[in-house]
Amino acid sequence: MSQHFSSPPQLIMGADALEVAAGRLPTMGTKALVVTDPGIVAAGIDRIVTDVLGSALPFHVFSDVVGNPDIATVESAAQAREVAGADVLIAIGGGSSIDVAKSVAVLGTNGGSIVDYEGVDRFANRPLPVVVIPTTVGSGSEVTKGAVITNPQTQVKMVIVSDLMFAEVAVLDPRVVAKLPSRIAATTGMDALTHAIEAYVALGANPVTDAICLGAIELIGAHLVAASQGDPDSLYHMLVASSMAGIGFHDAGLGAVHALANTLGAHFGVHHGTANALFLPYVIDFNLTAAPARFARIAQALGEDVHGLSDDEAAARASVAVHRLAEQTGVPRTMAELGVPRDAIPALARDALLQADLPGNPRPVTLDDLIGLYERAA
Ligand SMILES: [Fe+2]
């Protein structure tokens with residue numbers, strides 16, 4: 001079986017990343033639509049970006065993106081783009097704003113509704129250029145070739161994927177994450193850790209994604225706790241690690257954590273990073289026996305001393321390390337804390353079984369397994 005590694009987009013990283021990106025903007029178009037959310041505007045983070053990029057291109061702002069964005073959000077943003085006459089999109093935010101901007105870019109050159117393009121390679125025309133400026137440290141959406149949009153009618157998170165959907169450039173600037181609230185640093189950071197770990201043990205992993213995922217796990221192990229306590233240097237390292245994990249997972253694939261978490265998000269609107277943080281430790285326990293040598297390597301990357309241990313013993317240290325990170329970052333450990341009732345489990349498990357990420361999991365997952373994992377997190 002052949003394996004794949006897709007390398008775009010270009011990453012611009014570091015203290016003057018926004019200025020460098022501003023220099024590139026006039027080659028991409030004539031007018032920009034900034035796509036962001038009300039939290040970013042309230043925190044003034046959009047201004048950090050537009051003060052620099054706005055000198056390169058005129059822009060309009062669409063700031064109505066919501067978490068777990070749905071078809072209606074995409075349609076409103078697409079309308080705002082048309083009204084503004086924008087031919088470049090600038091996403092400022094977490095995965096939600098980035099996914100909305102990518103979807104609007106697809107509609108900008110292909111017309112129709114985003115529902116028409118659910119799946120892989122379902123549209124013909126190259127989307128409008130998208131510049132992404134991630135403001136959280138987890139989604140990885142800035143480097144992936146797809147978007148996730150909720151269909152409220154089916155309660156399913158639609159995935160729109162194409163090699164044409166890579167952003168033009170992803171800008172990793174320490175200024176935009178320097179004041180990230182602790183709770184968001186913790187939950188989005190755990191999302192990045194989930195991407196790196198799920199991709200490293202996924203059935204689609206290959207030597208290139210392995211190297212990137214292990215590098216991301218090492219950085220996250222070293223910086224997640226300090227980042228969740230507000231350390232700006234650690235927040236920047238998490239931002240870079242998050243993009244690395246994204247590059248790893250979009251070719252290697254994900255697994256059961258995302259199947260469980262995406263379903264919880266679609267049914268109850270639970271924040272994506274929060275849901276992944278909740279399930280990651282329990283799924284690792286479930287998967288340990290399927291890939292002990294790989295989990296042993298994860299334990300090492302997280303700084304565990306595995307010297308002299310067997311693969312099985314060392315693999316168990318990966319579980320210990322991730323449970324400890326969950327404790328130290330203060331992420332929710334039960335669905336009850338998120339207001340999800342136990343009697344929702346059968347319906348959640350039925351839908352999780354249909355999730356596209358599930359077949360990549362290193363251990364086959366049955367309906368009963370999914371029920372068991374939801375119960376463990378209840
Ligand atoms: Fe994720």
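# A walk through the packed helices

In this predicted model, a good place to begin is the pair α8 and α13, which pack at an angle of about 20 degrees with their axes 9 Å apart. Because angles under 35 degrees count as roughly parallel, α8 is roughly parallel to α13. Their crossing is right-handed. If you would like to find the contact on screen, look for Leu224, Val225 and Ser228 on the α8 side, and for Leu325, Gln328 and Thr329 on the α13 side. Sorted by class, the residues of this contact of α8 with α13 are 3 nonpolar, 3 polar and no charged.

Let us stay with α13 for a moment. This helix covers residues 311-329, and at 1.5 Å a residue its 19 residues should span 27 Å; the C-alpha atoms at its ends are indeed 27 Å apart, so the two values agree. Which residues of α13 are buried? They are Ala314, Ala315, Ala316, Arg317, Ala318, Ala321, Val322, Leu325, Ala326 and Thr329. An α-helix has 3.6 residues a turn, so residues three or four places apart point the same way. The buried residues of α13 pack against α7 (182-201), α8 (207-228), α11 and α12 (292-301). Just after α13 comes Gly330, with a positive phi of about 70 degrees.

Two of those partners, α7 and α12, also pack against each other, at an angle of about 150 degrees and with their axes 10 Å apart. Since angles over 145 degrees count as roughly antiparallel, α7 is roughly antiparallel to α12. The crossing in which α7 passes α12 is right-handed. Here Ile197, Tyr200 and Val201 of α7 meet Arg294, Phe295 and Ile298 of α12. The contact of α7 with α12 has 5 nonpolar residues, no polar ones and 1 charged.

Follow the chain onward and you reach Ala205, in the loop between α7 and α8. Is Ala205 buried or exposed? Ala205 counts as buried, because 23 C-beta neighbours lie inside 10 Å. Leaving aside residues up to four places away in sequence, Ala205 touches Ala199, Tyr200, Asp210 and Ala252. Tyr200 has appeared already, in the contact of α7 with α12. For a sense of scale, Ala205 and Ser96 are 109 residues apart in sequence, and their C-alpha atoms are 26 Å apart in space.

Next comes α9, residues 232-252. This helix has 21 residues and reaches 30 Å from its first C-alpha to its last, close to the 30 Å expected at 1.5 Å a residue. Helix α9 is mostly covered, with 18 of its 21 residues buried. Just after α9, Gly253 takes a positive phi of about 90 degrees.

The last stop is the pair formed by α10 (residues 256-268) and α11 (residues 272-287), which pack at an angle of about 140 degrees with axes 8 Å apart. That angle makes α10 oblique to α11. Their crossing is right-handed. On the α10 side the contact takes in Ala256, Val257, His258, Leu260, Ala261, Leu264 and Gly265, and these meet His272, Ala275, Asn276, Phe279, Leu280 and Val283 of α11. By class, the contact of α10 with α11 holds 9 nonpolar residues, 4 polar and no charged. From here you can find your way back to α13, as α11 is one of the helices that its buried residues pack against.

Conventions
Residues are numbered from 1 along each chain as its sequence is written. This is a predicted model: local features need pLDDT of at least 70, side-chain atom pairs count only at pLDDT 80 or more; totals for chains, interfaces and linings use all residues. Axes are lines fitted to C-alpha atoms, for helices over the stretch in contact, and angles run from 0 to 180 degrees between N-to-C directions. Helices (H or I, at least four residues) and strands (E, at least two) are DSSP runs, numbered from the N terminus. Angles under 35 degrees count as roughly parallel, over 145 as roughly antiparallel, 65 to 115 as roughly perpendicular and the rest as oblique. A crossing is left-handed if the near helix is turned anticlockwise from the far one by less than a right angle, and right-handed if clockwise. Two residues are in contact if their C-beta atoms, placed from the backbone, lie within 7 Å. Ala, Val, Leu, Ile, Met, Phe, Trp, Tyr, Cys and Pro count as nonpolar, Asp, Glu, Lys and Arg as charged, and the others, Gly among them, as polar. The expected span of a helix is 1.5 Å times one less than its number of residues. A residue is buried if 20 or more other C-beta atoms lie within 10 Å of its own, exposed if 12 or fewer, and partly exposed in between; C-beta atoms are placed from the backbone.
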